[in-house]
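Open your viewer and keep the selection box at hand. Each stop below says what to pick and what to look for.

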Amino acid sequence: MQPRADTADAAPSEPLANGVEGILEYIAQMAAGYSSGLKWNEDDMLKADMMNRPERWASITVEQVPAKCRELQMRPNDVDTVAGFLQRRKYGRRFVRSWHKDFQFI
């Protein structure tokens, strides 16, 4: 996968706190393995972690997430999905989860 032209010369972003960088690296790695991007189970795990560990995500801004996702060469749709999840949580929205409702990244 080639880096997007608008981010190819961008300086690396600051590391994300509280293990969020590692989570996004995992999500990007999993999405890269699928021809169509993120699957429902990674979406579900990410949403569950955002719900179950709000303190982990509290210091992370909505602007940091897409920058890091693009740096990790995620597909544009996946970048929008992940950033959208965080934006919804920052607005106080809750997610309906079924399979991974108690999931937390370690």
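The tour goes through salt bridges, a charge over a ring, aromatic pairs and one unpaired aspartate.

This is a predicted model: local features need pLDDT of at least 70, side-chain atom pairs count only at pLDDT 80 or more, and totals for chains, interfaces and linings use all residues. Residues are numbered from 1 along each chain as its sequence is written, and side-chain values use heavy atoms, with hydrogens and water left out.

**Salt bridges**

The whole structure holds 4 salt bridges (a side-chain nitrogen of Lys or Arg within 4 Å of a carboxyl oxygen of Asp or Glu). Select Glu21 and Lys68. Their side chains form a salt bridge, 3.1 Å from N to O. Glu21 lies in helix H1 and Lys68 in helix H4 (residues 64–71), so the bridge ties together parts 47 residues apart in sequence. Helices are DSSP runs of H or I with at least four residues, numbered from the N terminus.

Add Glu71. Lys68 bridges to Glu71 as well, with the closest N and O atoms 3.2 Å apart. Both lie in helix H4, 3 residues apart, about one turn of the helix. Glu21, Lys68 and Glu71 thus make a network of salt bridges. Lys68 is buried at 1% relative accessibility, while Glu71 is partly exposed at 34%. Buried means under 20% relative accessible area, exposed over 50%, and partly exposed in between (1.4 Å probe, protein chains only).

Next, select Asp49 and Arg56. Their salt bridge spans 2.9 Å, N to O. Asp49 is buried at 0%, and Arg56 is buried at 4%.

**A charge over a ring**

Pick Lys39 and Tyr34. Lys39 lies over the face of Tyr34, 5.1 Å from the ring centre (NZ of Lys or CZ of Arg within 6 Å of the centre and within 35 degrees of the ring normal).

**Aromatic pairs**

There are 3 aromatic pairs in the structure. Rings of Phe, Tyr and Trp (its six-membered ring) pair if their centres lie within 6.5 Å; planes under 30 degrees apart count as stacked, over 60 as edge-to-face and the rest as tilted. Show Tyr26 and Phe105: centres 5.8 Å apart, planes at 65°, so edge-to-face. Tyr26 sits in helix H1 (residues 20–32) and Phe105 in the segment after H5, 79 residues apart. Add Phe103 to complete one aromatic cluster with Tyr26 and Phe105.

**An aspartate without a bridge**

Finish at Asp78 in helix H5 (residues 76–90). Which side chain of opposite charge is nearest to this buried residue? Arg75, at 4.0 Å, yet Asp78 has no salt bridge. The Asp78 side chain reaches the backbone nitrogen of Leu38 at 3.2 Å.

Notes. Helix = DSSP H or I, 4+ residues; strand = E, 2+ residues; numbered from the N terminus. Lys, Arg positive; Asp, Glu negative; His and termini not counted. Polar contact = N/O pair within 3.5 Å; in protein donor to acceptor, adjacent residues only side chain to side chain.
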